[in-house]
Amino acid sequence: MSLFLTLSLVAIFKVCQHYVVRTVLLYNGLLIGLYIGDLYVLSTPVFVLLILSSCLSFFITFFLESVFYSISLPVLSLPFTIVGMIVSLAGPVFSNLEDGSYYYFEHGLLHWDVMPYGIQL
């Protein structure tokens, strides 16, 4: 979803297609979507957070790419790191977000039949 949102932002702001292919505009949006999907249980507030963080990731990537281009440095995943820290630090403040780290094990959505040696659940 975050990838499609980033693609729609590219279309809305009419970013040059050569620029999109050459940079990491789409990559950081995808990373932040995967991060939020792993961090929280999917619900309506999480989708709103996903939309806002994908937009923020897009704008930070676009800004840092223009700043770092003048000094010939790559942006890489620096915008993902910035937005990921913002989401991680602001997440506990919102009461509607349910932590997803234990959710998949408790509800039986994730099964491991073979565990590595010495690890017991």
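How much accessible surface does the protein have, and what percentage of it belongs to carbon and sulfur atoms? The accessible surface comes to about 8100 Å², and 71% of that belongs to carbon and sulfur atoms. Please keep in mind, as we go through the structure together, that this is a predicted model.

Let's start with the overall layout. The protein contains 6 helices and 0 strands, so its pattern along the sequence reads α-α-α-α-α-α. Of its 121 residues, 35% are buried. If you take the contacts between residues at least 6 apart in sequence, 68% of them join residues at least 24 apart.

Now for the interior. The largest nonpolar core has 15 residues, and Ile-36, Tyr-40, Leu-49 and Val-87 are those with the most contacts inside it. At least two residues of this core come from each of H3, helix H4 (44-69) and helix H5 (78-90). The most is given by H4, which supplies 6 residues. Another core lies apart from this one; it has 7 residues, including Leu-5, Val-15, Leu-25 and Cys-55.

Helix H3 is a good place to look next. It spans residues 25-39, and Asn-28 is located in it. Is Asn-28 buried or exposed? Asn-28 counts as buried because its relative accessible area is 0%, where the cut-off for buried is under 20%. The side chain of Asn-28 reaches the backbone oxygen of Leu-76, at 3.3 Å. Leaving out residues up to four places away in sequence, Asn-28 touches Ser-57, Thr-61, Leu-76, Ser-77, Pro-79 and Phe-80.

Phe-80 brings us to the aromatic rings. The structure holds 3 aromatic pairs. In one of them, Tyr-35 and Phe-80 meet edge-to-face, at 6.0 Å centre to centre and with 90 degrees between the planes. Because Tyr-35 lies in helix H3 and Phe-80 in helix H5, this pair ties together parts that are 45 residues apart in sequence. Tyr-35 itself is partly exposed, with a relative accessible area of 25%.

Which kind of pair do the rings of Phe-58 and Phe-62 make? Their centres are 6.1 Å apart and their planes are at 20 degrees, so the pair is stacked; the cut-off for stacked is under 30 degrees. Phe-58 and Phe-62 are 4 residues apart in helix H4, which means that about one helical turn separates them. In accessibility, Phe-58 is buried, with a relative accessible area of 3%, whereas Phe-62 is partly exposed at 36%. Ring pairs also bring in Phe-59, linking Phe-58, Phe-59 and Phe-62 into a cluster.

Our last stop is Asp-99, which you will find in the loop between H5 and helix H6 (103-106). Why is Asp-99 classed as partly exposed? Its relative accessible area is 35%, and partly exposed covers values between the 20% and 50% cut-offs. Apart from its neighbours within four places in sequence, Asp-99 is in contact with Leu-39, Tyr-40 and Val-41. Tyr-40 takes us back to the largest nonpolar core, where this residue is one of those with the most contacts. In sequence, Asp-99 and Leu-42 are 57 residues apart, yet in space their C-alpha to C-alpha distance is 9.7 Å.

Methods: Residues numbered from 1 in each chain as written. Predicted model: local features only at pLDDT ≥ 70, side-chain atom pairs only at ≥ 80, totals over all residues. Heavy atoms only, no water. Buried < 20%, exposed > 50% of the residue type's maximum accessible area, 1.4 Å probe, protein only. Polar contact = N/O pair within 3.5 Å; in protein donor to acceptor, adjacent residues only side chain to side chain. Contact = heavy atoms within 4.5 Å. Core = buried A, V, L, I, M, F, W, Y, C linked by side-chain atoms within 4.5 Å. Areas by Shrake-Rupley, 256 points an atom, 1.4 Å probe, with all protein chains shown as cover. Phe/Tyr/Trp six-rings, centres within 6.5 Å; stacked < 30°, edge-to-face > 60°.
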